[in-house]
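Dear colleague,

Please find the structure we discussed below, handed over for your study. My notes on what was found in it follow directly after.

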Amino acid sequence: MARIASLDLGSNSFHLLVAETRPRNRIRRLRTRKHMVRLGEPVNRTGALGKDAYSRGLKAVEDLFSLAKEMDATELCVVGTDALRRAEDGDAFLDELRERLGIHVQLLPGESEAALSLLGMSSALNIPNDEQVIGLDLGGGSFEVALGTATQTDVGVSLPLGGAVTMDWLSDPPLLSEEVILFNHCVQLFTDARIAIDPHRKHPTKPIRVIGTAGSIRSLGRLAITLATGVEVEQVRGVVVTRSQINLAHHRLCSVDVHDRMEIEAISAQRADLLPGCGVSLLACMDVFGVDSLTLCDWGLREGVLLDLVNGCTHIDPTQVVSL
């Protein structure tokens with residue numbers, strides 16, 4: 001059994017996962033570490049990372065790269081997502097990582113990001129190989145929707161509706177009129193996504209399981225369960241939340257400004273400013289796809305990257321994997 005690592009350079013946070021390979025091409029998580037770098041916000045405002053985000057990103061990667069080596073990982077796969085795909089100075093950032101640390105970053109197309117997230121979710125929840133599911137991954141810059149099974153993604157769509165994008169549509173706290181405008185915008189984009197996805201449904205008239213991952217979806221789901229039961233849940237894998245519960249959580253978040261939102265039980269202070277916009281986009285997605293309930297998951301892109309690596313590299317370029 002080998003130790004391998006993935007590093008996800010996301011629009012909101014950078015995540016390292018160190019894992020151990022297991023029989024039947026599976027993995028066991030050993031260690032994770034996260035840095036909130038918030039690359040998406042300056043990219044949305046100016047089109048570039050800018051000096052501060054650029055510096056935060058470099059320091060975060062240096063720390064996470066050191067941890068991967070300390071954990072005796074033999075291989076490291078580094079991927080970049082929406083903010084680095086769009087940033088004018090993104091290439092300079094990637095060049096500096098290559099020069100400083102010898103790291104090659106693979107910029108994932110949105111469709112591959114959706115597929116890898118679905119792979120991670122399906123593995124964590126032990127989805128049967130013949131069951132078709134929909135996976136939702138709500139990140140800082142983009143919102144991925146994928147349809148597929150545990151072994152194959154039939155179609156993946158990436159939409160510019162991540163938390164760092166939608167937050168710019170809303171005041172703090174949000175006005176109802178602003179929420180309506182954002183909701184209608186999200187509905188238009190998700191309708192296009194559904195048009196692309198529906199022809200690939202094996203059983204279009206039957207209900208389909210929908211799984212959601214990433215910190216913003218889990219935060220919304222955790223608050224929804226807390227409000228519904230009075231009990232704060234720590235482990236959310238496999239927990240099912242209804243649309244009405246998420247709607248109630250969303251209204252709770254939007255009833256106060258960001259400072260009071262930080263004090264709400266079950267909410268991460270680091271995401272408090274993003275969650276109203278994330279709630280609007282998630283609820284719009286559930287409406288368009290006719291989703292009454294959502295299964296929460298704690299695995300996603302970074303687990304999917306490693307699973308793809310040990311299963312023969314459908315989406316990952318093995319030549320860009322760093323040997324440690």
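**Helix α12 and its surroundings**

The buried residues of α12 are covered by elements that include β1 (3–9), β2 (13–22), β3 (26–36), β4 (75–80), α5 and β6 (133–138). Please bear in mind that this is a predicted model. Helix α12 spans residues 301–310, and nine of its ten residues are buried, so the helix is largely enclosed by the rest of the structure. Those buried residues are Leu301, Arg302, Glu303, Gly304, Val305, Leu306, Leu307, Asp308 and Leu309. Just after α12, glycine 312 adopts a positive phi of about 110°.

**Serine 122 in helix α5**

One of the elements covering α12 is α5, and this helix, made of residues 110–124, contains serine 122. Is serine 122 buried or exposed? Its relative accessibility is 1%, and therefore serine 122 counts as buried, the limit being under 20%. When neighbours within four places in sequence are set aside, serine 122 is in contact with Ile127, Val133, Thr149 and Ala150.

**A pair of strands**

Strand β7 (residues 143–148) and strand β8 (residues 153–159) run antiparallel and are joined by six bridges. Within this pairing, leucine 147 has valine 155 in β8 as its bridge partner. The connection from β7 to β8 is a hairpin through four residues.

**Salt bridges**

How many salt bridges does a search of the whole structure find? The search returns 19. Three of them may serve as examples for you.

In one, the side chains of arginine 38 and aspartate 273 meet at 2.5 Å, N to O. This pair links distant parts of the chain, 235 residues apart: arginine 38 is in the loop between β3 and α1 (40–46), and aspartate 273 is in the loop between α10 (258–261) and α11 (275–288). Arginine 38 is buried, with a relative accessible area of 15%, whereas aspartate 273 is partly exposed, with a relative accessible area of 26%.

In another, the side chains of arginine 86 and aspartate 82 meet at 2.8 Å, N to O. Both residues belong to helix α3 (residues 82–86) and sit four residues apart, which is about one turn of the helix. In general, an α-helix has 3.6 residues a turn, so residues three or four places apart point the same way. Aspartate 82 counts as buried at 8% relative accessibility, while arginine 86, with a relative accessible area of 37%, is partly exposed.

A further example is the salt bridge between the side chains of aspartate 287 and arginine 243 (2.5 Å, N to O). Because aspartate 287 lies in helix α11 and arginine 243 in helix α9 (residues 243–254), this pair ties together parts that are 44 residues apart in sequence. Aspartate 287 is partly exposed at 38% relative accessibility, and arginine 243 is partly exposed with a relative accessible area of 21%.

There is also a network of salt bridges that links Arg29, Arg237, Asp298, Arg302 and Glu303. Arg302 and Glu303 are among the buried residues of α12.

**Cysteines**

What does a search of the whole structure find for disulfides? It finds zero. For cysteine 77, which is in no disulfide, the nearest cysteine sulfur is that of cysteine 313, 7.6 Å away. Cysteine 297 is likewise in no disulfide, and the nearest cysteine sulfur, that of cysteine 285, is 16 Å away. Cysteine 77 is buried at 0% relative accessibility, and cysteine 297 is buried with a relative accessible area of 0%.

Yours sincerely

Methods: Residues are numbered from 1 along each chain as its sequence is written. This is a predicted model: local features need pLDDT of at least 70, side-chain atom pairs count only at pLDDT 80 or more; totals for chains, interfaces and linings use all residues. Side-chain values use heavy atoms; hydrogens and water are left out. A disulfide is a pair of cysteine sulfur atoms within 2.5 Å. Buried means under 20% relative accessible area, exposed over 50%, partly exposed in between (1.4 Å probe, protein chains only). Two strands pair if DSSP finds at least two bridges between them. Helices (H or I, at least four residues) and strands (E, at least two) are DSSP runs, numbered from the N terminus. Contact means heavy atoms within 4.5 Å. A salt bridge is a side-chain nitrogen of Lys or Arg within 4 Å of a carboxyl oxygen of Asp or Glu.
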